[in-house]
Amino acid sequence: MRRVAAYAALITLTLTAAPAPAAAHAPAGTDLAARPSPTSAPPALSPLARQLGRQTLPAGDGWASAGPGTTGGSTASADQVHVVTTRAELITALGGDNATNAGNATPKIVYVKGTIDGFEGPDGTLLNCTDLADPGYSLEAYLAAYDPGVWGRVAPSGPIESARVRSVTNQTRHTQINVGANTTIIGLRGARLTGLTLMIDRVSNVIVRNITFDDARDCFPAWSPTDGETGNWNSQYDLVSVRRSENVWIEHNTFTDGDNPDSAQPVHFGRPYQVHDGALDITHTASLVTVAWNRFDGRDKVMLIGSSNTVGPDLGRLNVTLHHNLFDGSLQRLPRVRFGQVDIYNNAYRIAGAGFEYAIGVGVQSAVFAQNNHFTLGAGIAAADLLYDWSGTAITTRGNWVTPAGGLPRPVDLVAAYNAVHDPDLSPDAGWTPTLRHGPVLPAALVPLVVGPLAGADRLPL
Ligand code: CA
Ligand code: CA
């Protein structure tokens, strides 16, 4: 445990000793005083909170350090440092109009205080799904119209499906919060963004830290009758989406379904009514993303890297680093990868029993390098179950460990374990070796002891 304490101290030291590169822009006590506020004087920020808000991604810390690196809103002027407590204030801080905020590249730091709910209406009261629905849509009408026993096994179409699509557009306008370039969004202690999607699309240089994201629920899931053997309900909204963007650092956040788990949803047409999509999906040619020290709690689909098998736009893109994340009790896509060179090192996996599908999905032309991760396995889960072949061909795995249910931690060759049970075999060489790493790579045996307590929101000294 002494080594663990040493690592914890090292991490804390790294965080607290990091330079505040733009401190000259914000002498203590002036930046927030200068910020006009429509409601009340903003709360004072601690010197450490100011420093962490100005922090940039360390050099060499994963793919997001490539190219120009990731500095987020660190150069924000005093009047672009905001503390927000409501959806309306969040949108104002991001530029003023959610429909155009993605185009606001002004450097800005947005501190989130307390809970902000994506369903907050203009006056702050919470809207519900009926408020966002098109007049032509109701779930009852949808279920009656597209019951496979009545409609058959073809995609829904016609007036009720059209009304559902219009309802989705309504909800997207409201619960999808669009983020522009050169932005840092950082939570104060206890910060929570619920019922919304943080959309990072067609922008560069964004930092998201120390926030608990939960329950980006879709009011209008779609029935996809040919998804899987018996059809599936599919939902639209991730907690955080990164699309067509570069240089994004997602660090020390918690992703969860909160008090609305999938297990609480009803069954329609014999399938679970799925109101959640991914926790953090990185798709549509996004690249240069570092995902570090986050906690992914008990979700179904966690992280999709690349959403289409089409060979073309994603080639050479989707390069992502995942390190020191805790995947706790989630079922699939930890992550699922297409095309990208994805470095997965020092992550801790707690694999649940019931419902678990796979951890790392090896998709079309993916090049995953998985090193020194630790998988704690629930009853009935074997090392051979940790990979899944989604039409990939190769994955490099080195220095990973498993702790089987009731067993002792031991090294595991993930590819060999997979190949012993499955065909066709995966090649053990994905063809590249990561160079963008920052700090020590922990022995896999230590990973759960370090990552377990230190990953997730509310671990940074904010
Ligand atoms: Ca998604
Ligand atoms: Ca085999």
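1. One convention before the notes: angles here run from 0 to 180 degrees between N-to-C directions, with axes taken as lines fitted to C-alpha atoms, and for helices over the stretch in contact. With that in hand, helix H9 lies across E19, E22, strand E25 (348–351) and strand E28 (374–377), and its direction makes about 85° with E25. Keep in mind throughout that this is a predicted model.

2. On confidence, the protein chain averages a pLDDT of 92, and 91% of the residues score at least 70. The low end is helix H1 (residues 2–17), where the mean is 45, while strand E24 (residues 341–345) has the highest confidence, at 99. Residues 1–41 have a pLDDT below 50, and beyond near neighbours in sequence that stretch makes 59 contacts in the model. I'd read those contacts with the low score in mind.

3. Now the sheet that H9 lies across. Its 10 strands form an open sheet with mixed pairing, in the order E3-E6-E9-E14-E19-E22-E25-E28-E31-E32. At the edges sit strand E3 (115–117) and strand E32 (410–412), each pairing on one side only. On average, neighbouring strands of this sheet are turned by 15° against each other, ignoring direction.

4. A closer look at one strand pair: E19 (residues 295–297) and E22 (residues 326–328) run parallel and are joined by three bridges. Within that pair, Arg 295 stands opposite Leu 326 in E22. Both strands are among those H9 lies across.

5. Back to H9 itself, which covers residues 447–454: which of its residues are buried? They are Val 447, Val 450, Val 451 and Gly 452. As a reminder, an α-helix has 3.6 residues a turn, so residues three or four places apart point the same way. Just after H9, Gly 456 takes a positive phi of about 105°.

6. First metal site. The calcium ion (ligand 1) is coordinated through OD atoms of Asp 238 (listed twice), Asp 277 and Asp 281, at 2.3 to 2.7 Å. The sequence spacing of these donor residues is D-x38-D-x3-D. Asp 238 is in the loop between strand E11 (232–234) and strand E12 (240–243), and Asp 277 in the loop between strand E16 (271–272) and strand E17 (280–283), so the pair ties together parts that are 39 residues apart in sequence. Asp 238 and Asp 277 are both buried.

7. Second metal site. For the calcium ion (ligand 2), the protein donors are Asn 419 (O), His 422 (O), Asp 423 (OD) and Asp 425 (OD), at 2.2 to 2.5 Å. Here the donor residues are spaced N-x2-H-D-x1-D in sequence. Is His 422 buried, exposed or partly exposed? It counts as partly exposed because its relative accessibility is 26%. Asp 423 has 69% relative accessibility, so it counts as exposed.

8. Last, the disulfide. The structure holds one, joining Cys 129 to Cys 219 with S to S at 2.0 Å. The torsion about the S-S bond is -75°, and the link of Cys 129 and Cys 219 is left-handed. Distant parts of the chain are linked by this pair: Cys 129 is in helix H4 (residues 129–132) and Cys 219 in the loop between strand E9 (212–214) and strand E10 (222–224), 90 residues apart. Cys 129 is partly exposed, with a relative accessible area of 30%, whereas Cys 219 counts as buried because its relative accessibility is 8%.

Technical notes: Residues are numbered from 1 along each chain as its sequence is written. Chains are lettered from A and ligands numbered from 1 in the order in which they are written. This is a predicted model: local features need pLDDT of at least 70, side-chain atom pairs count only at pLDDT 80 or more; totals for chains, interfaces and linings use all residues. Side-chain values use heavy atoms; hydrogens and water are left out. Donors are N, O and S atoms within 2.8 Å of the metal (3.2 Å for Na, K and Ca); water is not among the atoms, so sites may look incomplete. Helices (H or I, at least four residues) and strands (E, at least two) are DSSP runs, numbered from the N terminus. Buried means under 20% relative accessible area, exposed over 50%, partly exposed in between (1.4 Å probe, protein chains only). Two strands pair if DSSP finds at least two bridges between them. Contact means heavy atoms within 4.5 Å. A disulfide is a pair of cysteine sulfur atoms within 2.5 Å. pLDDT is the predictor's confidence in each residue, from 0 to 100.
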